[in-house]
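Welcome! Here is a short briefing to read with the structure open beside you. Take it one topic at a time and find each residue as you go.

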Amino acid sequence: MNHENWSKLARIMSKRSLWMIHFCTGCGAMEMPPVMTSRYDMERFGMHAMATPRQADVFLVTGYLAVKTLKRVVQVYEQMRDPKYVIGFGSCTINGGMYWDSYNTIKDLSKYIPVDVYIAGCMPRPEAIMDSFLKLFDMIDKGEAIGWQKYHKYYDQYKRNQRMAFSYRLDEVKDIKEDDKE
Amino acid sequence: MMAKELFPEAQEIRKGRIRIETQKDKVGEIIKKLKDNGYEHFVMLSCVDWIKEGKFELVYQMWSYQYKEHVMISIKINRDGESMLSMRHLFPQIETYEREIHEMFGVNFIGNPNLKEFILEGWPHMPPMRKDFDTEKFVKDFYYKIPEVKEE
């Protein structure tokens, strides 16, 4: 088998075993318990919550992101191993939603990290979340979920946007380190 | 003793709600006196921006479980850089309220060692809760100016 067939096979095998990083921001986290537990039961898709980013494949950004949270989101996203997928959750990640004029939340998540699937709604129902999972499986199958490749390819543009939002360079992470000490 | 007996100049807005308007150098002794007389709960410290008067109003709110009474101690300081004495030696939780007001309004509290950034990280702009901070303009100039990632 050549490399292309191998990667196709790997995609088919891995799409039914996606582990989700357990990182909840904003109010979208409220819709996750019914999805994860017995009512809607996301484990029948082979999806499971995982506490460490090193072992996770899917990142659900559940709702609005303050600039302070975005720093953590970028750190977590960069810690996840390839291939990794991002689902933008609710209208806040699309255009800011009801926080469109807030001084402290970002408006468009895809400017800072690549997003594979967006779910519209404020809040999206669990059915919509499950639908986005199926959409993501479909995209993985066809090889369209290539956000993680885009992050490598346009790394300088993503980094430039992140630094503009943070108002300082991400390399100088002394603020975050000082917080950890406390 | 109830607040009305301790401070005759206090005005009663309605039953169980007392307001004391005072000067900034008397706040410490008023809080101390109330604390010694049964008003043992410090509820919160809030700040109001009266931009037309050019003043910040600081409101220290206290509650008594014994008398079921809410006392508000209100002072006004100048908007342009007047500082206030810290009250953290009376109630330690005031330190956090002062830290928040320092960040959101830019009021300086003398004697508070912990006035570092609280919620906003690395915020180089004007304190955002001031009335002269134009939120909509700021958002348009800042977030909407960040370019989209161009794919070739």
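Is Lys68(B) buried or exposed? Lys68(B) is exposed, because just 9 other C-beta atoms lie within 10 Å, and a residue counts as exposed at 12 or fewer. Please keep in mind that this is a predicted model. Two chains, A and B, touch each other here: 16 residues of chain B are in contact with 17 residues of chain A.

**The turn around Lys68(B) and its strands**

- Lys68(B) sits in the loop between β4 and β5 of chain B.
- Its phi is near 55 degrees, which is a positive value in a residue other than glycine.
- The strands on either side, β4(B) and β5(B), form a hairpin with 4 residues between them.
- These two strands run antiparallel and are joined by 10 bridges; in one bridge, Phe56(B) has Ile77(B) in β5(B) as its partner.
- Strand β5 (residues 69-78) of chain B also pairs with strand β2 (residues 17-21) of chain B, this time in the parallel sense, over 5 bridges.
- To find that second pairing, look for Glu21(B), whose bridge partner in β5(B) is Ser74(B).

**Helix α2 of chain B**

- In helix α2 (residues 27-36) of chain B, the residues Val27(B), Ile30(B), Ile31(B) and Leu34(B) are buried.
- These buried residues cover an arc of only 95 degrees around the axis, so they are on the same side of α2(B).
- On the other side of the helix, Glu29(B) and Asp36(B) are exposed.
- The buried residues of α2(B) pack against α1 (3-6), β2, β4 and β5 of chain B, so you meet both strands of the hairpin again, since β4(B) and β5(B) form it.
- After α2(B) comes Gly38(B), with a positive phi near 100 degrees.

**Helix α5 of chain A**

- Helix α5 of chain A covers residues 126-142, which makes 17 residues.
- From its first C-alpha to its last, α5(A) reaches 25 Å, close to the 24 Å expected at 1.5 Å a residue.
- Its buried residues are Ile129(A), Ser132(A), Phe133(A), Leu136(A) and Ile140(A).
- Seen down the helix axis, those residues fall within an arc of 105 degrees, and therefore they line one face of α5(A).
- Glu127(A), Leu134(A) and Lys142(A), on the other side of α5(A), are exposed.
- The buried residues of α5(A) pack against α1 (3-14), α2 (32-36), β4 (85-89) and β5 (117-119) of chain A.
- Just after the helix, Gly143(A) takes a positive phi of about 75 degrees.

**The nonpolar cores**

- The largest nonpolar core has 42 residues, and those that touch the most other members are Val58(A), Phe59(A), Val61(A), Ile87(A) and Ile113(A).
- Among the elements of chain A that each supply at least two residues of this core are β3 (58-62), α3 (67-79) and α5.
- Another core, of 26 residues, lies apart from it; its members include Ile31(B), Tyr39(B), Tyr97(B) and Val107(B).
- Leaving aside neighbours within four places in sequence, Phe59(A) is in contact with residues including Ile21(A), Phe23(A) and Tyr77(A).
- Phe23(A) is found in the loop between β1 and α2 of chain A, and is partly exposed, with 19 other C-beta atoms within 10 Å.
- The C-alpha atoms of Phe23(A) and Ala51(A) are separated by 7.8 Å, although these residues are 28 residues apart along the chain.

**Backbone details in chain A**

- A cis peptide bond joins Asp82(A) and Pro83(A), with omega at about -10 degrees; Pro83(A) is in the loop between α3 and β4 of chain A.
- Another cis peptide bond joins Cys122(A) and Met123(A), and Met123(A) is found in the loop between β5 and α5 of chain A.
- Asp41(A), a residue other than glycine, has a positive phi near 55 degrees.
- Asp41(A) lies in the loop between α2 and β2 (48-50) of chain A and is partly exposed, with 13 other C-beta atoms within 10 Å.

**Where the chains touch**

- The side of chain B that touches chain A has 9 nonpolar, 2 polar and 5 charged residues.

Terms used. Residues are numbered from 1 along each chain as its sequence is written. Chains are lettered from A and ligands numbered from 1 in the order in which they are written. This is a predicted model: local features need pLDDT of at least 70, side-chain atom pairs count only at pLDDT 80 or more; totals for chains, interfaces and linings use all residues. The expected span of a helix is 1.5 Å times one less than its number of residues. A residue is buried if 20 or more other C-beta atoms lie within 10 Å of its own, exposed if 12 or fewer, and partly exposed in between; C-beta atoms are placed from the backbone. The arc is that of the directions from the helix axis to the C-beta atoms. Two residues are in contact if their C-beta atoms, placed from the backbone, lie within 7 Å. Ala, Val, Leu, Ile, Met, Phe, Trp, Tyr, Cys and Pro count as nonpolar, Asp, Glu, Lys and Arg as charged, and the others, Gly among them, as polar. A nonpolar core is a set of buried Ala, Val, Leu, Ile, Met, Phe, Trp, Tyr and Cys residues joined through C-beta atoms within 7 Å. Two strands pair if DSSP finds at least two bridges between them.
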